[in-house]
Amino acid sequence: MPPLQDLPNLDTDQFHAPSPNDLNEPGGGSAHPPRILLLYGSLRSRSFSRLLVEEAARLLEAMGAETRIFDPRGLPLPDAEEASHPKVAELRTLAEWAEGMVWCSPERHGAMTGIMKAQIDWIPLSLGAVRPTQGKTLAVMQVCGGSQSFNTANQLRVLGRWMRMLTTPNQSSVPKAFMEFDDQDRMKPSSFYDRVVDVMEELVKFTWLTRGRADYLTDRYSERKESAEQLSARVNQRAI
């Protein structure tokens, strides 16, 4: 490790070398079930993204998680209403409650649906000094009307990174989704179902692993430095 004198651009007061000793005990000392919010991207009466999310919720609950599924019906377009709108307030409350999320959208015109994007856009990057998504876990899935594609899953992954979420390495894409659910709207046994199990298993593991550690994992040198400079400017004002 080079001496700090060799790093003249560094603010040494705000530089912290990461250490495993700074990590809390698993789960950050919390024993409650992992809290997972699931979002889907279609308003059809038989929405396959909704059916896949419901299947995922069953798996998550079997793995010991607590789940909530947000119904996007009635959610206005971003900026078309105030944030006090009941559906917006509901979504934001759930986003704060959640420790992890599942995002699942159909692929339409090679991309996620507007319904899916609207939900994500209503989740703010910050609420006062709180970032409601930073450091939380995310699993992404998509359903396809035709052959398998990962366009939407990859887009969701980009959005998750933008919102500073920790996205699982695995993801799920279900092709010809209309063939993968039975008359009771349950997913049929298949390699696609097995992949959904894999993704939910990863999500629960990652949520346990990072829970209680999000503040440490997302603590950044640049933000510490900026905050220190702002504090110094405020307390050292020559005139009040």
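Here is a short walk through one helix and two pockets of this structure, which is a predicted model.

Let's begin with helix α2, which runs over residues 86-97. How far apart should the ends of this helix be? At 1.5 Å a residue, its 12 residues should span 16 Å, and the end C-alpha atoms are indeed 16 Å apart, so the expectation and the model agree.

Now look at which side chains of α2 are tucked away. Lys87, Val88, Leu91, Arg92, Leu94 and Ala95 are buried. If you look down the axis of α2, these buried residues fall within an arc of 160°, so they line one face of the helix. Pro86 and Thr93, on the other side of α2, are exposed. What do the buried residues of α2 pack against? Their partners are the strands β1 (35-40), β2 (66-69) and β3 (100-108), together with helix α3 (114-122).

Next, let's turn to the empty spaces. Rolling a probe the size of a water molecule over the atoms reveals where space is left empty. The largest pocket holds about 350 Å³ of space. Its lining has 19 residues, and Gln134, Gly135, Lys136, Ala214 and Asp215 lie nearest the centre. Helix α2 appears again here: along with α5 (191-210) and α6 (214-217), it gives two or more residues to this lining. By class, the lining has eight charged, six polar and five nonpolar residues.

The second largest pocket holds about 190 Å³. Of its 13 lining residues, Arg44, Phe48, Pro106, Val143 and Gly145 lie nearest the centre. Strand β3, which we met as a partner of α2, gives the most to this lining, with three residues. Here the classes are six nonpolar, four polar and three charged residues.

Notes: Residues numbered from 1 in each chain as written. Predicted model: local features only at pLDDT ≥ 70, side-chain atom pairs only at ≥ 80, totals over all residues. Heavy atoms only, no water. Helix = DSSP H or I, 4+ residues; strand = E, 2+ residues; numbered from the N terminus. Expected span 1.5 Å × (residues − 1). Buried < 20%, exposed > 50% of the residue type's maximum accessible area, 1.4 Å probe, protein only. Arc of directions from axis to C-beta. Contact = heavy atoms within 4.5 Å. 1 Å grid on protein atoms, 1.4 Å probe; cavity = no way out; pocket = protein on both sides within 12 Å on 5 of 7 lines; lining within 4 Å. Points joined across faces, edges and corners; volume = space filled by probe spheres on them. Nonpolar A, V, L, I, M, F, W, Y, C, P; charged D, E, K, R; others polar.
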